[in-house]
Amino acid sequence: MLLTFAPPNADLMDKFSYLSNADPVVIDQYYQLYRENPDQLDTGWRKFFEGFEFAQIHGGSASGGDVSNEHMQKEIHVVHLIHAYRSRGHLLSTTNPIRPRKDRQPGLELRFHELSDADLDTRFASGSLIGLPNGTLREIVDRLKSIYCRSIGIEYMHIRNTEIRDWCKSKFEKEAHHYDFTVEKKKRILNKLNEAVAFESFLHKKYVGQKRFSLEGGENTIPALDAVIQKGAELGIDSVAIGMAHRGRLNVLANILGKTYEYIFNEFEGNVNPDLSFGDGDVKYHLGFSSQVDTLAGKKVALDLVPNPSHLEAVDPVLEGFVRAKADLLYNKDYNRILPVLIHGDAALAGQGVVTEVAQMSQLKGFHTGGSLHFVINNQIGFTTDFDDARSSDYCTAVAKAIDVPVLHVNGDDAEAVTFAVEFAIAFRQQFHLDVFVDMLCYRRHGHNESDEPKFTQPQLYGLIEKHPNPREVYQKMLIARGDIDEKLAHQMEEDFKNLLQDRLNLVKQNAVPYKPHALDKEWENMRKANYEDFEQSPETKVTKKALDEVIQALTTVPEGFKPIKKVQKVLEERAELFASGTINWSMGELLAYGTMLTEGRKVRITGQDVMRGTFSHRHAAVRDENTNEVYINLNNIREKQGRFSIYNSLLSEYAVLGFEYGYSMASPNVLTIWEAQFGDFANGAQTIIDQFISSGESKWRKSNGIVMLLPHGYEGQGPEHSNARPERFLQLAAELNMVVANVTTPANFFHLLRRQQCWDFRKPLIVMSPKALLRHPQCISSVSELTDSKFLEIIDDSFVDLKKVKRVLLCTGKIYYDLLARQQQEKRKDVAVVRIEQLYPMAEGQLQAIYDKYAKAEFYWVQEEPKNMGYWTYMLRYDLNHHLELISRKSSASPATGYAKVHEREQQDIINKAFTL
Ligand SMILES: Cc1ncc(C[n+]2csc(CCOP(=O)(O)OP(=O)(O)O)c2C)c(N)n1
Ligand SMILES: [Mg+2]
């Protein structure tokens with residue numbers, strides 16, 4: 001074959017990285033490069049030419065040493081075929097344990113590659129690409145099938161990064177067609193299957209018809225998770241945190257986390273003493289648990305299963321945040337040591353958008369957790385819905401492709417393949433710190449729950465399932481058939497299994513797995529439960545002037561040589577001037593709160609959209625150099641020894657980011673964790689996290705949480721979507737001291753409110769209706785002495801009026817106070833008092849009663865700018881302590897606010913007029 005030399009150029013090199021390139025001229029040129037220096041080529045091409053030369057030397061090619069053009073063409077077709085198997089072989093893999101898989105037209109037949117049966121005995125140099133130098137086409141196809149089309153189908157060719165793609169390719173091609181586990185390992189897998197099956201069969205007998213969301217059909221989940229822990233520990237992991245839904249959760253608790261049967265059954269039988277003083281509790285398949293297990297290699301691995309609500313996939317961001325906190329605080333960001341595992345159902349994985357949000361977070365610096373292992377219990381059904389109705393993509397794992405990570409689809413009846421797949425996934429995760437998916441195809445033996453009749457909707461499928469042996473039987477048979485264990489050992493194992501079943505039925509005492517609390521657990525142990533008195537009088541949160549001076553110094557300076565743009569320089573100067581004059585504005589109140597906490601050794605974390613600058617351009621918590629774009633974070637430069645201030649602009653998600661911060665806060669009581677919405681109303685995109693976690697987590701799972709939500713709120717004529725953070729919804733959820741809802745009017749009160757979060761020796765979520773226009777309102781300032789001498793004020797009385805003259809009291813909260821104040825001052829109205837409720841829930845009832853008593857002869861109005869059916873009105877009726885509270889507000893309305901600025905102005909005037917018209 002004549003090979004003409006063409007000088008390499010960038011374009012050419014670019015083309016060369018794709019084995020699918022079919023142009024013989026290009027191949028010629030490429031061969032020249034190979035002859036010059038093989039290292040110029042990627043491994044695929046190098047192997048190809050090695051094989052090619054091997055064939056020439058050994059004279060095994062069809063043309064007997066000299067390569068005809070026709071043969072060269074066929075070599076290229078074989079290269080294509082190999083590429084096709086790597087790309088689409090998974091579509092032919094035998095991953096479905098129950099029924100033939102759907103024809104997704106993988107296009108792997110020889111005829112699609114201009115090859116035919118007549119070529120099967122021809123030798124091809126391209127065989128070297130898969131370890132068969134000069135193999136026949138038959139051998140090449142057999143090898144491809146045995147790698148790519150057996151119990152594991154792998155998707156990795158979509159990954160753009162060559163190093164990662166090559167890693168997957170060489171590891172999988174080397175190992176997937178003959179993983180030879182030791183007998184010990186095989187026994188371990190079988191034992192784990194025994195435990196999984198025994199657990200379900202016990203519950204099935206003992207608690208007939210009770211909902212347990214059995215794992216039956218997907219029992220290989222248990223050996224898989226066991227392998228994750230064993231392999232993970234070998235590769236450096238000290239801690240595994242799991243987020244999962246209902247399916248198989250009890251089995252995982254018993255057989256992976258080591259929660260004893262006794263403990264679980266007590267919950268089943270309702271024997272657990274309801275400790276109602278602590279909350280209302282939750283159903284057994286939602287509870288969390290922590291333990292510590294010993295691996296076979298003698299290492300201890302901490303395990304956490306975080307509690308989750310019914311809302312599928314809602315736990316995903318929470319788990320990620322939880323892991324990030326542990327990685328930050330316990331492992332110094334060494335993600336090699338901690339692994340997040342998310343277990344998904346097939347239908348939920350495909351259907352729930354939060355999965356995509358979480359996937360998009362996975363590689364962002366504020367939210368990275370070193371790569372999550374996603375394990376799918378793919379039972380091919382969601383409640384009664386077939387997968388054909390559950391997604392448009394071929395696979396439920398389609399989201400993996402968006403973030404360029406691999407997916408292994410594996411037959412859930414092939415225990416060893418499942419183990420191989422998760423071990424591969426763990427090795428990948430530890431190597432690249434990226435997400436990876438293992439999609440275990442299995443089936444669901446019963447209905448959605450055990451009392452459900454699956455034949456109503458899938459009669460044919462459930463006809464097949466009825467006759468199908470369980471995964472333990474399948475594996476045991478396989479071991480015997482392969483001669484891996486002899487009859488005697490098989491018999492012994494069967495006996496062991498029966499004994500295990502009997503022991504469990506007899507409730508033979510199990511040893512509880514020990515748990516060694518880590519530093520963060522201990523921080524939680526130091527926390528107590530809050531009581532009503534805590535909210536009547538706030539704790540000391542004041543600081544010394546010296547402490548403020550130190551923080552202000554950092555907030556007003558940048559290092560030598562660092563040059564912010566002029567406008568930012570001005571912001572820094574204004575801060576200095578204001579402070580020097582004894583005053584602070586809103587953003588200074590906020591930044592000083594953080595700064596003083598940092599110098600006290602606490603940590604602060606803030607995320608949300610555009611939080612670094614602040615949506616309203618007020619925060620400037622990070623400044624940039626005009627020329628280099630370098631970022632400088634003043635609050636991280638207060639002094640040498642201080643807590644870390646972490647601030648990250650988030651992706652454009654509310655659900656996942658709020659969930660993440662809730663999880664972060666759940667792990668770390670001593671980090672002030674804050675999420676800010678761009679505008680308050682966007683928080684409803686995260687309603688599931690608010691309803692299912694923030695407002696009810698403590699009551700359901702005894703999990704306190706100190707997360708702060710900042711929700712910009714206020715009627716400023718910006719239209720329906722930017723006015724209202726829906727305080728009424730939070731107030732409707734407020735009960736049993738589950739959270740704090742506040743709308744404060746002064747920078748000083750905001751300072752104390754934020755500091756109070758960490759000064760308490762308990763933790764409560766804090767929901768703040770935060771300001772927009774007030775950020776720059778000339779009257780919305782505080783004196784520095786309010787930070788050094790005062791504390792958080794739940795209710796602020798009017799100091800202007802003359803008590804003897806007061807005929808009317810206007811109770812209000814938030815921004816409208818300044819509109820009312822303006823009128824009161826303008827008309828010098830000593831007869832109308834304006835009293836601010838700064839903390840709406842928990843209401844400081846004693847203080848409110850004192851206000852009612854003080855102005856006993858006056859009439860009381862609640863004034864709000866929100867329409868009557870929104871805002872605080874219906875909530876305030878709970879605190880109508882004198883039974884005469886009246887309302888001044890906008891009329892009830894379907895939409896939160898008018899879209900017309902003029903109408904807004906008129907409505908606002910109307911409210912103020914009414915308030916002062918006696
Ligand atoms: C967000 C949400 N929507 C609906 C439901 C009700 N629901 C509970 S389980 C289930 C089916 C889940 O199917 P899949 O994710 O495949 O898990 P499987 O039960 O098959 O293991 C549904 C629709 C829910 N729990 N959460
Ligand atoms: Mg399912």
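Let me start with one pair of residues: leucine 711 stands opposite methionine 769 in strand 21. Five bridges join strand 19, residues 708-712, to strand 21, residues 766-770, and the two run parallel; strands here are DSSP runs of E of at least two residues, helices are runs of H or I of at least four, and both are numbered from the N terminus.

This is a predicted model, in which local features need pLDDT of at least 70 and side-chain atom pairs count only at pLDDT 80 or more, while totals for chains, interfaces and linings use all residues. Residues are numbered from 1 along each chain as its sequence is written, ligands are numbered from 1 in the order in which they are written, and side-chain values use heavy atoms, without hydrogens and water.

The wider setting is an open sheet of seven strands with mixed pairing, in the order 17-14-18-19-21-20-26, where two strands pair if DSSP finds at least two bridges between them. Strand 17 (645-649) and strand 26 (839-841) are the edges, each pairing on one side only.

Turning to ligand 1, 15 residues surround this molecule, with His246, Arg247, Ser310, Asp346 and Ala348 the closest, a residue being counted if one of its heavy atoms lies within 4 Å. Histidine 246 places a polar side-chain atom 2.9 Å from an oxygen atom of ligand 1, and for arginine 247 the corresponding distance is 2.8 Å. Alanine 347 instead brings a backbone N or O atom to 2.9 Å from a ligand oxygen. Helix 12 (346-351) and strand 9 (381-382) each supply at least two residues of the shell, and helix 12 gives the most, with three.

How values were computed
Polar contact = N/O pair within 3.5 Å; in protein donor to acceptor, adjacent residues only side chain to side chain.
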